[in-house]
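Trainee: Could you take me through this model and show how each label is earned from a value and a definition?
Mentor: Gladly; let us look at it together.

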Amino acid sequence: MFGRKGNYAYAAARVKAKKAHLLGEEDYSKMLMMTPQEISRYISEAGYAKEMADLANRESGLNLLERATYANMANIFGSILLASTGDLRDMVSAYLTKWDNWNLKVILRGKSYGLDADGIREDLVPAGSLGAESLDKLISMESEEDILAAFSKMTHSAIPQEVVSAYKAKSNLAEIEDFLDRRYYEHLLDVIRPVDRPSFIFRDYVSKEIDVRNFETILKLKLDGVRGEQAMKYIIPGGKQIDAKAAAQLAATETVAEAVAEASQMGFYEDIKDAIDPQAASIRKVVSGMKRYEMMQSKKFSHLYPLSVIPVLDYMIHKENEVNNIRTVARGAESGLDREVIKGLLVI
Amino acid sequence: MSGKEVTPTRSVLLDLKKKIKLSQSGYKIMKMKRDGLIIEFFEVMEKARKMRAGVSSDYEAAMEKITIARVVEGEIAVKSAAYAIKSEPQVKLGSKSIMGMMVPKVEATAIHTSLVDKGYGVISTSAYIEEAAAAFEKLLDTLVRAAEIETTMKKLLDEIEKTKRRVNALEFKIIPELKESERFVKFRLEEMERENTTRLKHLKRKGEAAE
């Protein structure tokens, strides 16, 4: 049923060992009581020491912590990708493409702003298939067109001419960024062939993630007064519960509260129903509730099918979440946020 | 103008009378202007007080939102989103008149940019970052309006001070001096009149004695 195409057993064993080192709820509780300096020391001892030491000559304070945690995640994801073969590698690679897209966005934004190569390089997170060398090549290119052409070549996925033309006509990177995000999920769903139960679960998780993205997009646009057909332009196809019809209904609602009410039949409703304050022009609590829902979904399948893509995916989700949580605690402590507020922002 | 510096002639007296009339009517107008400016100042001051409170609350809201965005999304994501923004806020400067005084009229255009036109992707940019961006746009809009009101208030204060000095100068220096000169010229003319009468009487007496 599984393990036929790809070294699932080996990869699963590797990530199982790594998962044991992930920070737990009690670690975050301890970190909430610490100063930013103490948090830096604590996470150095929790497996981030090498990256902290490597970057210490260039960065300091919480920028060092943020970049070191990203670098650690990038190194680990890179090693997982290297250690995977066959279908597993295809799926892991497709899943990590989001970091290639992130890096392309950072490069394009930096270039359009006029940042120098070092300024762009320090914001990259080479956690995808493109390593530091490939990203350096992209940075060294002069025009956005050259960067996009080289990126297409490196990732074997062309960016349609009409997207590039729309970007050039409006000088708005959103055209390219939104295309990359939509293509990421379309490609990911293509790569995960539901031939067995684990890949079906993986596909199901991605579909739910698409639902969360789509719902967040609809709410963001609603706050800005964008509704109906105009909002549908930004919907990613392939959602589990939010298909084209449901998306159109959600997009047609007048307010955020109406959209949340409209979503009452959906899986994430329980996590967001209390987050709506009709007086507040904010969707932060809804977004936070959906992040928790996403994490809960991954926890549901984490213990299933130990020799499949599931443990690898589960580890990658939790590693990324750990990096986000560490940053949240450290930056929250530095900003003087109340402990309860920081706790509310954590996704555990 | 001291009374002793004027030539005591009838034309000077007429001239002085005209000047006193003009100064008194100028004094009345300036006093009315000063009072009008003071009323206007109190109205603008109330607006400025509300505006300062608005700036303060908008600043706090914007800082809270950017802090949360930095905490949740990280410095890199926030910075990167900021690099993507293309639109620059535009400010149109004009002027309007308050009781003959020109004050600036600042109009902010293109401060709020729609999410779809910001420059970064709609799908992937976090709601935390978007809310922080919107909060800073609101703060900028309030600051521009506050700048107009604060400048108007400052100009009004300067104008009130200037008008007050003019009113005082007219009331305590120019009008009293003109009146003093008028009194002096009148007195000298009367004296000259008396001298003439005496001289004529003396000449008449001398003529009668010679006859």
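Mentor: Chain A is assigned domain 1 (1–195 + 317–348) and domain 2 (197–307), with bounds that come from an automatic or database domain assignment. This is a predicted model, in which local features need pLDDT of at least 70 and side-chain atom pairs count only at pLDDT 80 or more, while totals for chains, interfaces and linings use all residues. Residues are numbered from 1 along each chain as its sequence is written, and chains are lettered from A and ligands numbered from 1 in the order in which they are written.

Trainee: How many residues does each domain of chain A give to the contact?

Mentor: Domain 1 of chain A gives 22 residues and domain 2 of chain A gives 20, where contact requires C-beta atoms, placed from the backbone, to lie within 7 Å. On the domain 1 side, the largest share, seven residues, comes from α10(A), a helix being a DSSP run (H or I, at least four residues) numbered from the N terminus.

Trainee: Why is α3(A) called oblique to α4(A)?

Mentor: The axes of α3 (residues 36–55) and α4 (residues 61–83) of chain A come within 9 Å and cross at roughly 50 degrees. Angles under 35 degrees count as roughly parallel, over 145 as roughly antiparallel, 65 to 115 as roughly perpendicular and the rest as oblique, and the crossing angle therefore makes α3(A) oblique to α4(A).

Trainee: Which residues of α3(A) meet α4(A)?

Mentor: Among them are A:Pro36, A:Ile43 and A:Leu55.

Trainee: How many residues of chain A are in contact with chain B?

Mentor: In chain A, 36 residues are in contact with 27 residues of chain B.

How values were computed: Axes are lines fitted to C-alpha atoms, for helices over the stretch in contact, and angles run from 0 to 180 degrees between N-to-C directions. Helices (H or I, at least four residues) and strands (E, at least two) are DSSP runs, numbered from the N terminus. Two residues are in contact if their C-beta atoms, placed from the backbone, lie within 7 Å.
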